[in-house]
Amino acid sequence: MQPTRPGRPDPRAQAQMAATMAGAVDLAAVKARSEAAARAQAAPPPSAAAPAGAPGSAVVDVTEATFQAEVLDRSFQVPVVLDLWAEWCGPCKQLSPVLEQLAAEGGGSWVLAKVDVDANPALAQGLRVQGIPAVKAVWQGQLIAEFNGAIPEEQARQFVAELVRATTGGAVPGDGEAAPELEDPRLDAAEAALERGDLAAAEAAYQAILAEEPDHPDAGIALRQVQVFRRAEEAGPDALARADAAPDDVTAQTRAADFLLGTGDVEGAFERLLAVIRRTAGEERDQARKHLVELFTVVGDQDPRVGPARRALTMALY
């Protein structure tokens with residue numbers, strides 16, 4: 001995975017279009033993720049040598065006051081695994097030591113953030129915790145994987161290994177990082193337009209950059225992200241009802257998928273288009289396939305939900 005430029009949001013992270021714990025399209029999240037990424041660049045990387053529970057450790061105790069720095073900001077360096085527990089919870093006492101040992105073995109490639117749900121009820125509510133122990137993985141400010149209940153060490157180890165492989169590939173911040181790329185001032189106008197919610201102006205700014213430099217490393221994916229934002233906004237919540245009422249209307253299904261992606265339901269968007277591909281043929285199937293591949297590009301192959309969806313697409317086609 002290529003290093004993120006200081007002070008700029010990773011365009012693939014921008015494609016994760018839901019706010020951290022909200023269910024609606026939120027343009028302010030673009031700015032928030034940019035600021036979190038910048039703070040992460042300035043912060044020292046996590047260290048397995050730091051005392052457990054202390055800020056910057058591979059195992060850290062998190063409160064509502066430290067959640068931003070130790071979970072959201074930190075997730076722009078390495079994946080963060082939330083361990084939601086309580087003192088009275090017996091299964092928590094079985095799972096937590098396993099996760100702590102795995103974090104220590106990880107050597108700073110991921111962080112275990114422990115949250116006492118009794119002491120931090122607002123976090124538990126915001127994370128929609130239904131029962132404990134609950135484990136949720138955060139990458140670049142987004143919840144990307146989770147499981148509930150105590151599981152055997154082998155399964156926990158596999159969960160962590162797949163998470164790290166799908167996000168950073170196991171790289172530890174500070175180990176042989178490439179020199180940061182220079183800032184491109186042409187991106188400022190586009191990002192300023194995003195911050196004020198002017199999607200048309202942002203789209204035009206990215207298109208102007210690509211007209212000058214068709215292979216620009218950031219503008220292409222950023223343009224696709226903005227275009228999905230626009231389509232999601234234009235589709236609106238009625239898109240789902242219209243699509244459900246017309247299951248054979250491929251255009252209606254693609255608009256519904258855009259809306260789902262825009263609200264953060266990435267798997268729902270993928271599955272809706274996969275269902276279309278499974279039951280259609282010819283030009284209609286190809287239309288749905290092309291749209292799904294575009295959404296894969298916007299979300300990014302490092303997202304753990306893309307790989308399974310790509311395999312499901314292959315099975316549906318062949």
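This report walks through a few local features of a predicted model.

## Helix H9 and the residue after it

Let us start with helix H9, which covers residues 219-235. Its 17 residues should span 24 Å at 1.5 Å a residue, and the end C-alpha atoms are indeed 24 Å apart, so expectation and model agree.

Many side chains here are worth a look in your viewer. The buried residues of H9 are Ala219, Gly220, Ile221, Ala222, Leu223, Gln225, Val226, Val228, Phe229, Ala232 and Ala235. As a reminder, an α-helix has 3.6 residues a turn, so residues three or four places apart point the same way. Just past the helix comes Gly236, with a positive phi near 70°.

## The loop between H5 and E4

Next is the loop that links helix H5 (121-126) to strand E4 (134-139), where Pro133 is found. The peptide bond leading from Ile132 into Pro133 is cis, and its omega is near 5°.

Arg128 belongs to the loop between H5 and E4 too. Its phi is positive, near 60°, in a residue other than glycine. Is Arg128 buried or exposed? With a relative accessible area of 57%, Arg128 is exposed, because the cut-off for that class is over 50%.

## Gln140, after strand E4

Moving along the chain, Gln140 sits in the loop between E4 and strand E5 (142-148). Here again a residue other than glycine has a positive phi, this one near 50°. Gln140 has a relative accessibility of 2% and therefore counts as buried, the limit being under 20%.

## Asp83 in strand E2

Strand E2 spans residues 80-85 and includes Asp83. How accessible is Asp83, and what does that make it? Its relative accessibility is 0%, so Asp83 counts as buried.

If you want a distance to check, take Asp83 and Leu95: their C-alpha atoms are 8.9 Å apart in space, and the two residues are twelve apart in sequence.

## A negative patch on the surface

Finally, which residues form a patch of negative charge on the surface? They are Asp248, Asp249, Glu283 and Glu284.

One member, Glu284, is part of helix H13, which runs over residues 282-299. The relative accessible area of Glu284 is 39%, so this residue is partly exposed. That value also fits its place in the patch, because patch residues need over 30% relative accessible area.

Terms used:
Residues numbered from 1 in each chain as written. Predicted model: local features only at pLDDT ≥ 70, side-chain atom pairs only at ≥ 80, totals over all residues. Heavy atoms only, no water. Patch = residues over 30% accessible without salt bridge, like charges linked within 9 Å, V, L, I, M, F, W, Y side chains within 5 Å. Areas by Shrake-Rupley, 256 points an atom, 1.4 Å probe, with all protein chains shown as cover. Salt bridge = Lys/Arg side-chain N within 4 Å of Asp/Glu carboxyl O. Lys, Arg positive; Asp, Glu negative; His and termini not counted. Charge placed at Lys NZ, Arg CZ, Asp CG, Glu CD. Helix = DSSP H or I, 4+ residues; strand = E, 2+ residues; numbered from the N terminus. Buried < 20%, exposed > 50% of the residue type's maximum accessible area, 1.4 Å probe, protein only. Expected span 1.5 Å × (residues − 1).
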